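I opened the notebook to follow one side-chain contact, then the strands, then the packing. These are my entries in the order I looked things up.

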Amino acid sequence: MKQYFALAALLMAAVQAPAFAQMVQPTRFGLLTTDDQQMLVLDGQPFEQPIHLAQPDHTMVRFELETADVIFFRQDKGSDCPQKFAIVQISKEGAKGLPDLGSCSNTAIQPWRENQVIRFSQPEANSSAVIHYEYQASSGLTQTQEQTAPSQ
């Protein structure tokens with residue numbers, strides 16, 4: 001009887017607690033989570049360059065490269081800038097991240113992997129330019145801009 005009462009009390013407390021989502025993402029090199037401020041941490045340690053996730057359930061895609069796990073997160077910047085994102089790299093050397101990447105275009109990015117390179121493209125907001133990104137665990141992110149022909 002006491003067990004049922006204790007279980008009921010725990011359930012009532014859980015229902016009354018604020019509904020803050022906490023992201024939990026296991027990787028090959030540690031547990032990636034958010035703290036109570038929605039900042040990313042790896043095994044409880046903050047990133048050198050802080051990465052805040054407004055909505056930590058916005059994991060986009062995860063890639064396992066030879067030497068690192070690379071995870072893309074949507075950075076919810078509201079309707080004015082829906083396609084900002086962050087890239088997080090977790091390896092045996094630790095974690096590093098690149099926050100607030102991408103343009104404010106409405107076009108969603110679709111990253112894909114070619115061998116050990118992750119590629120994706122995104123149009124510039126209010127422009128005819130497209131930015132092409134390449135991400136490699138060894139060298140990080142590079143980007144090139146391509147001017148597209150105006151549609152007729």
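**Entry 1: a glutamine in a loop.** I looked for the polar partner of the Q38 side chain and found the side chain of T34, at 3.3 Å. This is a predicted model, so the distance is a computed one. I then placed Q38 in the sequence: it sits in the loop between β2 (30-34) and β3 (40-42). Is Q38 buried or exposed? I checked its relative accessible area, which is 12%. The cut-off for buried is under 20%, so Q38 counts as buried.

**Entry 2: the open sheet.** Next I traced a sheet. Its 4 strands follow the order β5-β6-β7-β8, and their pairing is antiparallel. Which strands stand at the edges? I noted β5 (59-64) and β8 (94-101). Each has a single partner strand, so one side of each lacks a neighbour in the sheet. I also looked up the turn between neighbouring strands: on average it is 15°, with direction ignored.

**Entry 3: β5 to β6.** I went through the pairings. β5 and β6 run antiparallel and are joined by 5 bridges. A hairpin of 4 residues links the two strands. I picked out one bridge here: E64 has D69 in β6 as its partner.

**Entry 4: β6 to β7.** How many bridges join β6 to β7? I found 7, between residues 69-75 and residues 84-91, and these strands run antiparallel too. Two pairs went into my notes. V70 stands opposite Q89 in β7. R74 stands opposite F85 in β7. I also checked how covered β6 is: 6 of its 7 residues are buried.

**Entry 5: the cores.** I turned to the packing. In soluble globular proteins, nonpolar side chains tend to be buried together. Here the largest nonpolar core has 15 residues. Those with the most contacts inside it are V70, F72, F85, I87, I118 and F120. I asked where the residues come from: β6, β7, β10 (117-123) and β11 (129-136) each supply at least two. β11 gives the most, with 3 residues. A second core, separate from this one, has 12 residues, among them F47, L53, F73 and I90.

**Entry 6: F120 up close.** Last, I listed what F120 touches, leaving aside its neighbours within four places in sequence. Its contacts include F72, F85 and I87. I also wrote down I109, Q110, P111 and W112 as contacts of F120. I131, H132, Y133 and L141 complete the list for F120.

Technical notes:
Residues numbered from 1 in each chain as written. Predicted model: local features only at pLDDT ≥ 70, side-chain atom pairs only at ≥ 80, totals over all residues. Heavy atoms only, no water. Buried < 20%, exposed > 50% of the residue type's maximum accessible area, 1.4 Å probe, protein only. Polar contact = N/O pair within 3.5 Å; in protein donor to acceptor, adjacent residues only side chain to side chain. Pairing = 2+ DSSP bridges. Axes fitted to C-alpha atoms, helices over the stretch in contact; angles between N-to-C directions. Core = buried A, V, L, I, M, F, W, Y, C linked by side-chain atoms within 4.5 Å. Contact = heavy atoms within 4.5 Å.
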